[in-house]
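Me: Please take a close look at one part of this model for me, and then show me how it sits within the rest of the protein. I am in my first year, so I would be glad of a careful explanation that goes one step at a time.

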Amino acid sequence: MQQTSPKSAEAQAGDHVTLIDHATGRQFDLPVLEGTDGPKVIDIRRLYRDTGYFTYDPGFTSTASCDSRLTFIDGEVGILRHHGYSIEDLAANARFVEVCYLLLHGELPNKKELDEFDHHITYHTMLHEQLNYFYRGFRRDAHPMAIMVAVVGALSAFYHDSTDITDPYQRMVATHRLIAKMPTIAAMAYKYSVGQPFVYPRNDLDYAENFLRMTFAVPCEEYVVKPAVARAMNRILVLHADHEQNASTATVRIAGSSAANPFACVAAGIASLWGPAHGGANEAVLNMLMQIGSKDRISEFIKRAKDKNDPFRLMGFGHRVYKNYDPRAAVLRESCHEVLNDLGVADEPLLDLAMELERIAREDEYFVERKLFPNVDFYSGITLKAMGFPTSMFTVLFALARSVGWVAQWKEMIEDPDQRIGRPRQLYLGETARTYVPLSERG
Ligand code: ACO
């Protein structure tokens with residue numbers, strides 16, 4: 001059962017697994033593919049055609065939906081790498097824009113490439129002025145994520161010269177536009193929610209600095225970006241840039257697989273990220289810490305998290321892939337202290353509370369047995385709060401950073417010769433065929 005695509009040949013491990021259908025006694029060999037790292041995969045693409053069976057895997061716990069070169073995660077050990085570079089290395093050394101280049105091109109840029117890329121990104125930072133009207137249509141108290149979904153989706157109506165996805169140049173312009181405009185869109189969502197005038201981008205500033213200025217500057221006084229805050233912002237952006245096939249990225253890929261407009265696909269990703277089981281957890285963590293309030297109430301909440309009849313879960317704990325410490329959470333845990341020191345925050349009760357909650361949970365048999373560790377959202381909110389962001393902006397910041405991952409994965413998918421429309425199958429449990437009953441005869 002050989003596959004025809006060259007990529008499959010590249011990934012062939014040479015071995016196979018045998019499926020025995022005990023009902024018929026028939027036997028099928030399924031090829032095994034091997035990536036450059038991570039578990040081997042059983043290639044079931046021809047399974048239905050050859051056997052008449054589907055596979056059943058709600059939540060895709062055992063299913064690779066694509067092949068990719070961007071990001072590698074070993075959740076058992078707690079490893080995250082982009083094109084081979086560890087997240088710790090990138091978070092310590094790289095500017096976010098370098099990581100964007102890395103995700104889009106597969107290599108870190110040299111000086112000339114980075115200058116050019118910086119130019120492309122800054123060139124597209126402004127929004128079409130008519131997009132401002134979208135903001136004005138929202139209630140003042142609208143959640144900024146609601147605004148993000150709408151405005152990013154609306155980009156699809158404004159930039160027709162970057163949406164012929166069959167043209168490599170237009171695809172690249174679309175990726176530049178998205179990365180460049182996201183900080184402007186996010187900062188404007190914040191400004192609208194607090195009733196302050198929009199602040200236009202300044203292209204002489206670095207990506208993180210420009211975003212901070214658009215968020216926090218007001219026209220009536222000079223705003224100087226604090227280097228400590230800019231460093232922390234850059235690190236948060238780097239840590240959230242991509243995370244292989246998570247719910248929002250898989251959403252972007254599946255939306256894009258029908259050849260839909262890239263900005264509309266990213267809006268779908270933002271919608272998926274918003275949920276508290278995904279990116280919305282950073283906001284939920286802070287709300288949870290404030291609800292717990294003091295260390296003496298931790299045990300009450302731990303008890304609730306373990307109670308299957310209580311919907312409460314420990315937010316910022318657990319991960320589908322990491323069965324060890326999320327390496328991004330480890331970086332943030334450290335940098336949280338640094339940021340607070342740099343900002344002169346001598347005492348942050350929420351950080352003390354979070355650390356104590358982590359300590360108690362990690363000694364608790366329930367969490368140990370299930371390998372539930374803090375994820376990236378556990379410590380990000382405390383850092384963002386210290387930087388001056390309101391909780392409602394936390395998931396927006398995640399979306400801002402993840403946009404590069406979404407658009408890089410979208411581009412990889414569109415450029416994949418094996419790409420087909422995403423169309424899962426199902427295990428049907430509804431009624432079998434029956435005949436229409438006229439209303440007068442229904443009991
Ligand atoms: N608190 C209490 N129990 C938990 C938690 C938690 N935070 N997370 C998982 N569990 C329990 C489950 O109840 C389940 O227990 P069981 O085996 O007795 O039924 C077991 O651990 C396995 O959890 P699943 O829900 O099957 O794991 P899944 O991979 O489907 O979910 C998820 C992962 C959604 C992240 C989950 O751990 C969760 O809801 N965590 C809290 C929300 C959160 O922090 N989300 C952010 C994720 S990171 C990100 O998206 C950036």
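Reply:
**Loops and the ligand site**

His83 sits in the loop that links strand S5 (79-82) to strand S6 (85-86). Please keep in mind that the whole model is predicted. The phi angle of His83 is near 45°, which is a positive value in a residue other than glycine. Most residues other than glycine have a negative phi. His83 has a relative accessible area of 23%, and because buried means under 20% and exposed means over 50%, His83 counts as partly exposed.

Lys371 can be described in the same terms. The phi of Lys371 is near 55°, again a positive value in a residue other than glycine, and Lys371 belongs to the loop between H17 and H18. With a relative accessibility of 40%, Lys371 counts as partly exposed.

Asn375 is also found in the loop between helix H17 (365-369) and helix H18 (376-386). Is Asn375 buried or exposed? Its relative accessible area is 7%, so Asn375 is buried. The side chain of Asn375 reaches the backbone oxygen of Gly318 at 2.9 Å. If neighbours within four places in sequence are left aside, the residues in contact with Asn375 are Gly316, Phe317, Gly318, His319, Asp326 and Ala329.

Gly316, one of those contacts of Asn375, leads us to the ligand, since a backbone N or O atom of Gly316 lies 2.8 Å from an oxygen atom of the ligand. Side chains approach the ligand as well: a polar side-chain atom of Arg320 lies 2.7 Å from an oxygen atom of the ligand, and for a polar side-chain atom of Arg370 the corresponding distance is 3.0 Å. Taken alone, the ligand exposes 920 Å², and the protein buries 75% of that area. How many residues surround the ligand? There are 21, and the closest are His278, Leu314, Gly316, Arg320 and Tyr366. Sorted by class, this shell holds 11 nonpolar, five polar and five charged residues.

Two further residues can be compared with these. Asn132 is part of helix H6 (residues 132-136), and at 6% relative accessibility Asn132 counts as buried. Beyond its neighbours within four places in sequence, Asn132 is in contact with Met188, Phe198 and Tyr200. Phe54, in the loop between helix H2 (47-51) and strand S4 (71-74), counts as partly exposed, with 36% relative accessibility. Not counting residues up to four places away in sequence, Phe54 touches Leu47, Tyr48, Arg425 and Gln426.

Finally, we can step back to the protein as a whole, which has 19 helices and six strands. Its radius of gyration is 24 Å, which agrees with the value near 22 Å that a compact globule of 443 residues would have. Along the principal axes, the C-alpha trace spans about 80 × 65 × 55 Å. Buried residues make up 48% of the 443 residues, while the protein exposes about 22400 Å², of which carbon and sulfur atoms supply 52%. Among contacts between residues at least 6 apart in sequence, 70% join residues at least 24 apart.

Conventions. Residues numbered from 1 in each chain as written. Heavy atoms only, no water. Near = heavy atom within 4 Å. Polar contact = N/O pair within 3.5 Å; in protein donor to acceptor, adjacent residues only side chain to side chain. Areas by Shrake-Rupley, 256 points an atom, 1.4 Å probe, with all protein chains shown as cover. Nonpolar A, V, L, I, M, F, W, Y, C, P; charged D, E, K, R; others polar. Helix = DSSP H or I, 4+ residues; strand = E, 2+ residues; numbered from the N terminus. Buried < 20%, exposed > 50% of the residue type's maximum accessible area, 1.4 Å probe, protein only. Contact = heavy atoms within 4.5 Å. Rg over C-alpha atoms; globule rule 2.2 N^0.38 Å.
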